[in-house]
Amino acid sequence: MRIAFLGLGHMGLPMAKNLAAAGHQVTGYDVFPAAVDAGREAGLATAESGTAAVRPAGASGGAQVVITMFQTGRQVLDAYRGADAGEGLLAVAEPGTLFIDCSTISVDDAREAHALAEAAGHRSLDAPVSGGVVGAENATLAFMVGGSEEDFAAARPFLEAMGRRVVHCGGAGLGQAAKVCNNMILAVSQIAVAEAFVLGERLGLSHQALFDVASNASGQCWALTTNCPVPGPVPTSPANRDYQPGFAGALMSKDLGLAEHAVTATGVDARMGMLARELYARYADGPGAGQDFSGIINTIRDQSARAGEGDR
Ligand code: NAD
(Lines give C-alpha, C1' and ligand atoms only; values in the text may rest on other atoms or scores of the structure.)
Protein backbone atom coordinates (compact mmCIF):
# COMPACT_ATOMS: atom_id res chain seq x y z
CA MET A 1 0.00 0.00 0.00
CA ARG A 2 1.09 3.58 -0.63
CA ILE A 3 0.88 5.42 2.67
CA ALA A 4 1.52 9.12 3.33
CA PHE A 5 2.55 9.62 6.96
CA LEU A 6 2.38 13.22 8.18
CA GLY A 7 3.87 14.30 11.52
CA LEU A 8 7.24 12.63 12.10
CA GLY A 9 7.54 13.61 15.78
CA HIS A 10 8.23 11.49 18.87
CA MET A 11 5.40 9.12 18.04
CA GLY A 12 5.01 9.51 14.28
CA LEU A 13 8.53 8.66 13.16
CA PRO A 14 8.74 5.25 14.89
CA MET A 15 5.18 4.47 13.76
CA ALA A 16 6.04 5.32 10.15
CA LYS A 17 9.18 3.18 10.40
CA ASN A 18 7.12 0.20 11.57
CA LEU A 19 4.76 0.61 8.63
CA ALA A 20 7.68 0.69 6.22
CA ALA A 21 9.20 -2.37 7.94
CA ALA A 22 5.89 -4.20 7.35
CA GLY A 23 6.44 -3.72 3.60
CA HIS A 24 4.34 -0.64 2.86
CA GLN A 25 5.50 2.15 0.59
CA VAL A 26 5.64 5.00 3.10
CA THR A 27 6.27 8.67 2.31
CA GLY A 28 6.90 10.83 5.38
CA TYR A 29 6.42 14.54 5.83
CA ASP A 30 6.65 17.11 8.63
CA VAL A 31 6.43 20.92 8.68
CA PHE A 32 9.55 20.92 10.87
CA PRO A 33 12.56 20.43 8.53
CA ALA A 34 14.66 18.65 11.18
CA ALA A 35 11.90 16.04 11.54
CA VAL A 36 11.97 15.43 7.77
CA ASP A 37 15.78 15.02 7.96
CA ALA A 38 15.36 12.54 10.83
CA GLY A 39 12.85 10.61 8.73
CA ARG A 40 15.24 10.49 5.78
CA GLU A 41 18.11 9.39 8.02
CA ALA A 42 15.84 6.64 9.34
CA GLY A 43 15.45 5.36 5.77
CA LEU A 44 11.98 6.76 5.00
CA ALA A 45 11.14 8.30 1.64
CA THR A 46 10.16 11.91 2.35
CA ALA A 47 8.24 14.64 0.52
CA GLU A 48 8.83 18.39 0.32
CA SER A 49 5.26 19.20 1.39
CA GLY A 50 2.25 17.49 2.91
CA THR A 51 0.27 17.75 -0.29
CA ALA A 52 3.21 16.34 -2.28
CA ALA A 53 3.18 13.30 0.02
CA VAL A 54 -0.50 12.72 -0.71
CA ARG A 55 -0.96 13.95 -4.29
CA PRO A 56 -1.05 11.41 -7.18
CA ALA A 57 2.47 11.03 -8.56
CA GLY A 58 2.25 9.98 -12.21
CA ALA A 59 1.09 6.52 -13.16
CA SER A 60 1.77 5.07 -9.71
CA GLY A 61 -1.12 7.13 -8.26
CA GLY A 62 -1.25 8.90 -4.93
CA ALA A 63 -1.39 7.71 -1.37
CA GLN A 64 -4.12 5.15 -0.70
CA VAL A 65 -3.90 5.82 3.03
CA VAL A 66 -3.07 9.13 4.75
CA ILE A 67 -2.05 8.96 8.41
CA THR A 68 -1.66 12.09 10.53
CA MET A 69 0.09 12.25 13.92
CA PHE A 70 0.04 15.90 15.03
CA GLN A 71 -0.21 17.65 18.40
CA THR A 72 -3.61 19.36 18.14
CA GLY A 73 -7.04 19.28 16.52
CA ARG A 74 -6.40 22.68 14.95
CA GLN A 75 -3.35 21.26 13.14
CA VAL A 76 -5.38 18.30 11.87
CA LEU A 77 -8.26 20.45 10.62
CA ASP A 78 -5.91 23.02 9.04
CA ALA A 79 -4.00 20.27 7.23
CA TYR A 80 -7.20 18.58 6.03
CA ARG A 81 -8.70 21.86 4.78
CA GLY A 82 -5.52 23.67 3.78
CA ALA A 83 -4.62 27.01 5.31
CA ASP A 84 -5.73 28.75 2.10
CA ALA A 85 -8.75 26.74 0.94
CA GLY A 86 -8.12 24.33 -1.90
CA GLU A 87 -4.63 23.05 -1.13
CA GLY A 88 -5.58 20.92 1.82
CA LEU A 89 -4.86 17.20 1.99
CA LEU A 90 -8.52 16.34 1.32
CA ALA A 91 -8.53 18.35 -1.89
CA VAL A 92 -5.42 16.76 -3.41
CA ALA A 93 -6.02 13.13 -2.37
CA GLU A 94 -7.54 10.68 -4.82
CA PRO A 95 -11.25 10.03 -4.16
CA GLY A 96 -11.87 7.29 -1.62
CA THR A 97 -8.53 7.71 0.18
CA LEU A 98 -8.55 6.36 3.74
CA PHE A 99 -7.64 9.12 6.23
CA ILE A 100 -6.55 7.89 9.66
CA ASP A 101 -5.87 10.52 12.30
CA CYS A 102 -3.85 9.12 15.22
CA SER A 103 -3.39 12.46 17.04
CA THR A 104 -5.06 12.92 20.43
CA ILE A 105 -7.65 15.65 19.80
CA SER A 106 -11.13 16.58 21.04
CA VAL A 107 -14.15 14.48 20.13
CA ASP A 108 -15.67 17.56 18.44
CA ASP A 109 -12.57 18.18 16.31
CA ALA A 110 -12.43 14.49 15.38
CA ARG A 111 -16.09 14.59 14.28
CA GLU A 112 -15.42 17.70 12.24
CA ALA A 113 -12.44 16.01 10.57
CA HIS A 114 -14.67 13.00 9.72
CA ALA A 115 -17.37 15.27 8.28
CA LEU A 116 -14.84 17.17 6.14
CA ALA A 117 -13.28 13.94 4.84
CA GLU A 118 -16.66 12.44 4.02
CA ALA A 119 -17.84 15.61 2.26
CA ALA A 120 -14.67 15.45 0.12
CA GLY A 121 -15.45 11.85 -0.90
CA HIS A 122 -12.92 10.11 1.37
CA ARG A 123 -13.06 7.53 4.15
CA SER A 124 -11.96 8.46 7.64
CA LEU A 125 -11.15 7.14 11.11
CA ASP A 126 -10.03 8.65 14.40
CA ALA A 127 -7.45 6.31 15.91
CA PRO A 128 -5.67 7.81 18.94
CA VAL A 129 -3.15 5.65 20.74
CA SER A 130 -1.85 4.81 24.16
CA GLY A 131 1.50 3.24 24.91
CA GLY A 132 3.81 6.23 24.48
CA VAL A 133 7.08 6.46 22.58
CA VAL A 134 8.21 3.01 23.75
CA GLY A 135 4.97 1.51 22.41
CA ALA A 136 5.46 3.39 19.13
CA GLU A 137 9.04 2.10 18.80
CA ASN A 138 8.17 -1.50 19.67
CA ALA A 139 4.89 -1.57 17.68
CA THR A 140 2.97 -2.35 20.87
CA LEU A 141 0.61 0.65 20.83
CA ALA A 142 -3.08 0.32 21.68
CA PHE A 143 -5.38 1.94 19.10
CA MET A 144 -8.89 3.18 19.97
CA VAL A 145 -10.76 3.60 16.73
CA GLY A 146 -13.86 5.56 15.70
CA GLY A 147 -15.53 5.27 12.29
CA SER A 148 -17.46 2.78 10.17
CA GLU A 149 -17.02 -1.01 10.36
CA GLU A 150 -15.80 -1.09 6.73
CA ASP A 151 -13.19 1.61 7.23
CA PHE A 152 -12.05 -0.03 10.46
CA ALA A 153 -11.62 -3.36 8.66
CA ALA A 154 -9.63 -1.64 5.90
CA ALA A 155 -7.35 0.10 8.42
CA ARG A 156 -6.79 -2.86 10.69
CA PRO A 157 -3.68 -4.30 8.93
CA PHE A 158 -1.92 -0.90 9.09
CA LEU A 159 -2.81 -0.35 12.71
CA GLU A 160 -1.66 -3.87 13.57
CA ALA A 161 1.72 -3.10 11.97
CA MET A 162 2.11 -0.30 14.54
CA GLY A 163 0.35 -1.75 17.57
CA ARG A 164 -0.66 -4.77 19.58
CA ARG A 165 -4.26 -3.95 20.50
CA VAL A 166 -6.76 -2.44 18.09
CA VAL A 167 -10.29 -1.77 19.39
CA HIS A 168 -13.19 -0.50 17.32
CA CYS A 169 -15.06 1.81 19.74
CA GLY A 170 -17.95 2.81 17.45
CA GLY A 171 -18.74 5.65 15.06
CA ALA A 172 -16.94 8.90 14.29
CA GLY A 173 -15.14 10.43 17.30
CA LEU A 174 -15.63 7.46 19.62
CA GLY A 175 -11.94 6.49 19.50
CA GLN A 176 -11.19 9.92 20.97
CA ALA A 177 -14.06 9.48 23.43
CA ALA A 178 -12.51 6.23 24.71
CA LYS A 179 -9.10 7.88 25.01
CA VAL A 180 -10.43 10.86 26.98
CA CYS A 181 -12.45 8.63 29.36
CA ASN A 182 -9.51 6.27 29.95
CA ASN A 183 -7.11 9.11 30.69
CA MET A 184 -9.56 10.73 33.10
CA ILE A 185 -9.66 7.43 35.06
CA LEU A 186 -5.86 7.30 34.96
CA ALA A 187 -5.39 10.88 36.21
CA VAL A 188 -7.79 10.45 39.12
CA SER A 189 -6.31 7.07 40.10
CA GLN A 190 -2.69 8.32 39.88
CA ILE A 191 -3.53 11.17 42.28
CA ALA A 192 -5.42 8.82 44.61
CA VAL A 193 -2.44 6.42 44.75
CA ALA A 194 -0.03 9.31 45.40
CA GLU A 195 -2.20 10.71 48.20
CA ALA A 196 -2.42 7.25 49.79
CA PHE A 197 1.39 6.86 49.81
CA VAL A 198 1.87 10.31 51.40
CA LEU A 199 -0.82 9.52 53.99
CA GLY A 200 0.87 6.16 54.66
CA GLU A 201 4.22 7.96 55.18
CA ARG A 202 2.61 10.28 57.75
CA LEU A 203 1.11 7.29 59.56
CA GLY A 204 4.44 5.44 59.66
CA LEU A 205 3.54 2.82 57.01
CA SER A 206 6.39 1.71 54.71
CA HIS A 207 5.98 2.06 50.94
CA GLN A 208 6.54 -1.66 50.48
CA ALA A 209 3.92 -2.64 53.06
CA LEU A 210 1.29 -0.38 51.49
CA PHE A 211 2.20 -1.70 48.05
CA ASP A 212 2.03 -5.34 49.17
CA VAL A 213 -1.43 -4.83 50.64
CA ALA A 214 -3.03 -2.52 48.05
CA SER A 215 -1.64 -4.31 44.98
CA ASN A 216 -3.42 -7.47 46.17
CA ALA A 217 -6.54 -5.75 47.45
CA SER A 218 -9.26 -3.47 46.14
CA GLY A 219 -6.85 -0.53 45.73
CA GLN A 220 -5.14 -2.40 42.87
CA CYS A 221 -4.80 -0.35 39.64
CA TRP A 222 -2.28 0.45 36.88
CA ALA A 223 -1.23 3.68 38.64
CA LEU A 224 -0.07 1.51 41.55
CA THR A 225 1.19 -1.72 40.02
CA THR A 226 2.89 -0.34 36.88
CA ASN A 227 3.39 3.38 37.48
CA CYS A 228 4.02 3.20 41.23
CA PRO A 229 4.81 6.81 42.29
CA VAL A 230 7.47 5.88 44.89
CA PRO A 231 10.80 4.20 44.14
CA GLY A 232 11.23 0.57 45.16
CA PRO A 233 8.12 -1.58 44.84
CA VAL A 234 7.99 -1.51 40.99
CA PRO A 235 11.60 -1.18 39.74
CA THR A 236 10.54 -0.15 36.22
CA SER A 237 8.30 2.76 37.29
CA PRO A 238 9.47 6.36 36.52
CA ALA A 239 9.85 7.05 40.27
CA ASN A 240 13.05 4.94 40.13
CA ARG A 241 14.63 7.24 37.54
CA ASP A 242 13.84 10.62 39.05
CA TYR A 243 10.42 10.74 37.34
CA GLN A 244 11.76 10.87 33.80
CA PRO A 245 8.74 10.16 31.57
CA GLY A 246 6.99 7.76 30.84
CA PHE A 247 4.06 10.01 30.20
CA ALA A 248 4.87 13.64 30.90
CA GLY A 249 2.66 15.73 33.18
CA ALA A 250 2.29 18.21 30.32
CA LEU A 251 0.71 15.54 28.09
CA MET A 252 -1.64 14.42 30.88
CA SER A 253 -2.63 18.04 31.35
CA LYS A 254 -3.32 18.36 27.62
CA ASP A 255 -5.51 15.23 27.64
CA LEU A 256 -7.43 16.47 30.69
CA GLY A 257 -8.09 19.71 28.81
CA LEU A 258 -9.81 17.54 26.18
CA ALA A 259 -11.71 15.75 28.96
CA GLU A 260 -12.84 19.10 30.36
CA HIS A 261 -14.06 20.11 26.91
CA ALA A 262 -16.10 16.87 26.67
CA VAL A 263 -17.42 17.16 30.25
CA THR A 264 -18.55 20.74 29.64
CA ALA A 265 -20.16 19.84 26.31
CA THR A 266 -22.10 16.93 27.82
CA GLY A 267 -22.92 18.49 31.22
CA VAL A 268 -21.59 15.47 33.13
CA ASP A 269 -21.01 15.97 36.88
CA ALA A 270 -17.35 14.83 36.82
CA ARG A 271 -15.98 16.52 39.94
CA MET A 272 -13.06 14.16 40.50
CA GLY A 273 -12.02 14.39 36.86
CA MET A 274 -12.22 18.17 36.85
CA LEU A 275 -10.25 18.44 40.11
CA ALA A 276 -7.59 16.20 38.53
CA ARG A 277 -7.67 18.54 35.51
CA GLU A 278 -6.96 21.52 37.81
CA LEU A 279 -4.18 19.75 39.75
CA TYR A 280 -2.45 18.50 36.58
CA ALA A 281 -2.70 21.93 34.90
CA ARG A 282 -0.84 23.41 37.88
CA TYR A 283 1.68 20.54 37.96
CA ALA A 284 2.34 20.89 34.21
CA ASP A 285 3.12 24.60 34.71
CA GLY A 286 5.80 23.60 37.21
CA PRO A 287 7.88 20.41 37.51
CA GLY A 288 5.40 18.35 35.51
CA ALA A 289 6.36 20.09 32.26
CA GLY A 290 9.05 17.47 31.74
CA GLN A 291 8.44 14.92 34.48
CA ASP A 292 6.32 11.81 34.46
CA PHE A 293 2.78 12.51 35.67
CA SER A 294 3.34 10.20 38.69
CA GLY A 295 5.76 12.88 40.01
CA ILE A 296 2.69 14.77 41.23
CA ILE A 297 3.33 12.84 44.46
CA ASN A 298 6.16 15.29 45.24
CA THR A 299 3.78 18.25 44.92
CA ILE A 300 1.31 16.49 47.24
CA ARG A 301 4.11 15.75 49.75
CA ASP A 302 5.43 19.36 49.62
CA GLN A 303 1.98 20.84 50.03
CA SER A 304 1.23 18.48 52.93
CA ALA A 305 4.47 19.58 54.65
CA ARG A 306 3.56 23.23 54.11
CA ALA A 307 0.06 22.69 55.48
CA GLY A 308 1.61 20.92 58.52
CA GLU A 309 3.93 23.89 59.17
CA GLY A 310 0.95 26.24 58.99
CA ASP A 311 -0.77 24.27 61.78
CA ARG A 312 2.13 24.76 64.17
P1 NAD B 1 5.41 15.78 18.46
O2 NAD B 1 5.25 17.24 18.70
O3 NAD B 1 6.70 15.12 18.79
O4 NAD B 1 5.10 15.48 16.91
C5 NAD B 1 4.10 16.12 16.16
C6 NAD B 1 4.73 16.46 14.83
O7 NAD B 1 3.71 16.91 13.94
C8 NAD B 1 5.76 17.59 14.92
O9 NAD B 1 7.00 17.13 14.42
C10 NAD B 1 5.15 18.70 14.05
O11 NAD B 1 6.15 19.48 13.38
C12 NAD B 1 4.30 17.89 13.11
N13 NAD B 1 3.25 18.65 12.42
C14 NAD B 1 2.36 19.54 12.90
N15 NAD B 1 1.55 20.01 11.92
C16 NAD B 1 1.93 19.37 10.78
C17 NAD B 1 1.47 19.39 9.42
N18 NAD B 1 0.46 20.18 9.04
N19 NAD B 1 2.09 18.60 8.52
C20 NAD B 1 3.13 17.80 8.89
N21 NAD B 1 3.60 17.73 10.15
C22 NAD B 1 3.01 18.50 11.08
O23 NAD B 1 4.19 15.06 19.21
P24 NAD B 1 4.12 13.52 19.67
O25 NAD B 1 4.66 13.37 21.03
O26 NAD B 1 4.60 12.66 18.56
O27 NAD B 1 2.53 13.37 19.82
C28 NAD B 1 1.67 13.33 18.70
C29 NAD B 1 0.25 13.08 19.21
O30 NAD B 1 0.19 11.83 19.90
C31 NAD B 1 -0.27 14.14 20.18
O32 NAD B 1 -1.62 14.42 19.89
C33 NAD B 1 -0.10 13.48 21.54
O34 NAD B 1 -1.05 13.97 22.49
C35 NAD B 1 -0.36 12.01 21.20
N36 NAD B 1 0.27 11.05 22.10
C37 NAD B 1 1.57 11.22 22.48
C38 NAD B 1 2.15 10.30 23.35
C39 NAD B 1 3.59 10.48 23.78
O40 NAD B 1 4.01 9.77 24.70
N41 NAD B 1 4.37 11.36 23.15
C42 NAD B 1 1.42 9.19 23.81
C43 NAD B 1 0.11 9.01 23.35
C44 NAD B 1 -0.46 9.95 22.50
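**A friendly note on this predicted structure**

1. Let us start at one residue: glutamate 112 sits in helix 6, which covers residues 107-119. Please keep in mind as you read that the model is predicted. Is glutamate 112 buried, exposed or partly exposed? Its relative accessible area is 33%, and because buried means under 20% and exposed means over 50%, glutamate 112 counts as partly exposed. Setting aside neighbours within four places in sequence, glutamate 112 has Leu77 and Arg81 as contacts.

2. From there you can look across the chain to isoleucine 191. Glutamate 112 and isoleucine 191 are separated by 79 residues in sequence, and their C-alpha atoms are 33 Å apart in space. We will meet Ile191 again below, as a member of a nonpolar core.

3. Now the overall picture. The chain has 14 helices and 9 strands, and its C-alpha trace spans about 75 × 40 × 35 Å along the principal axes. For 312 residues, a compact globule would have a radius of gyration near 20 Å, and the 21 Å of this chain agrees with that. Of the contacts between residues at least 6 apart in sequence, 64% join residues at least 24 apart.

4. What about the surface and the charges? Buried residues account for 47% of the 312 in the chain. The accessible surface is about 14,400 Å², and carbon and sulfur atoms hold 55% of that area. The chain carries 21 positive and 32 negative charges, and the mean positions of the two sets lie 3 Å apart.

5. Nonpolar side chains in soluble globular proteins tend to be buried together. Which residues of the largest nonpolar core touch the most other members? In this core of 31 residues, they are Phe5, Met15, Leu19, Ile67, Ile100 and Phe143. At least two core residues come from each of strand 1 (2-6), helix 1 (12-21), strand 4 (65-68), strand 5 (98-101), strand 8 (141-146) and helix 8 (149-162). Helix 8 gives the largest share, 6 residues. There is also a second, separate core of 27 residues, with Ile191, Ala214, Cys228 and Leu256 among them.

6. Helix 1 deserves a closer look. Because 7 of its 10 residues are buried, helix 1 is largely enclosed by the rest of the structure. The buried ones are Gly12, Leu13, Pro14, Met15, Ala16, Asn18 and Leu19. Leaving out residues up to four places away in sequence, methionine 15 touches Phe5, Met69, Cys102, Val129, Ala136, Leu141, Phe143 and Met162. Just after the helix comes glycine 23, with a positive phi of about 100°.

7. Finally, a few backbone details to check by eye. Most residues other than glycine have a negative phi, and most peptide bonds are trans. Alanine 139, in the loop between helix 7 (132-138) and strand 8, has a positive phi of about 55° although it is not a glycine.

8. Another loop, between helix 11 (222-225) and helix 12 (249-266), holds glycine 246. The peptide bond leading from proline 245 to glycine 246 is cis, with omega near 15°. Tyrosine 243 is also found in the loop between helix 11 and helix 12, and its phi is positive, near 65°. Is tyrosine 243 buried or exposed? With a relative accessible area of 8%, tyrosine 243 is buried.

Key: Residues are numbered from 1 along each chain as its sequence is written. This is a predicted model: local features need pLDDT of at least 70, side-chain atom pairs count only at pLDDT 80 or more; totals for chains, interfaces and linings use all residues. Side-chain values use heavy atoms; hydrogens and water are left out. Helices (H or I, at least four residues) and strands (E, at least two) are DSSP runs, numbered from the N terminus. The radius of gyration is taken over C-alpha atoms; the globule rule is 2.2 Å times the number of residues to the power 0.38. Buried means under 20% relative accessible area, exposed over 50%, partly exposed in between (1.4 Å probe, protein chains only). Contact means heavy atoms within 4.5 Å. Accessible areas come from the Shrake-Rupley method with a 1.4 Å probe; for residues, only the protein chains shown count as cover. Lys and Arg count as positive and Asp and Glu as negative; His and the chain ends are not counted. The place of a charge is taken as NZ of Lys, CZ of Arg, CG of Asp or CD of Glu. A nonpolar core is a set of buried Ala, Val, Leu, Ile, Met, Phe, Trp, Tyr and Cys residues joined through side-chain atoms within 4.5 Å.
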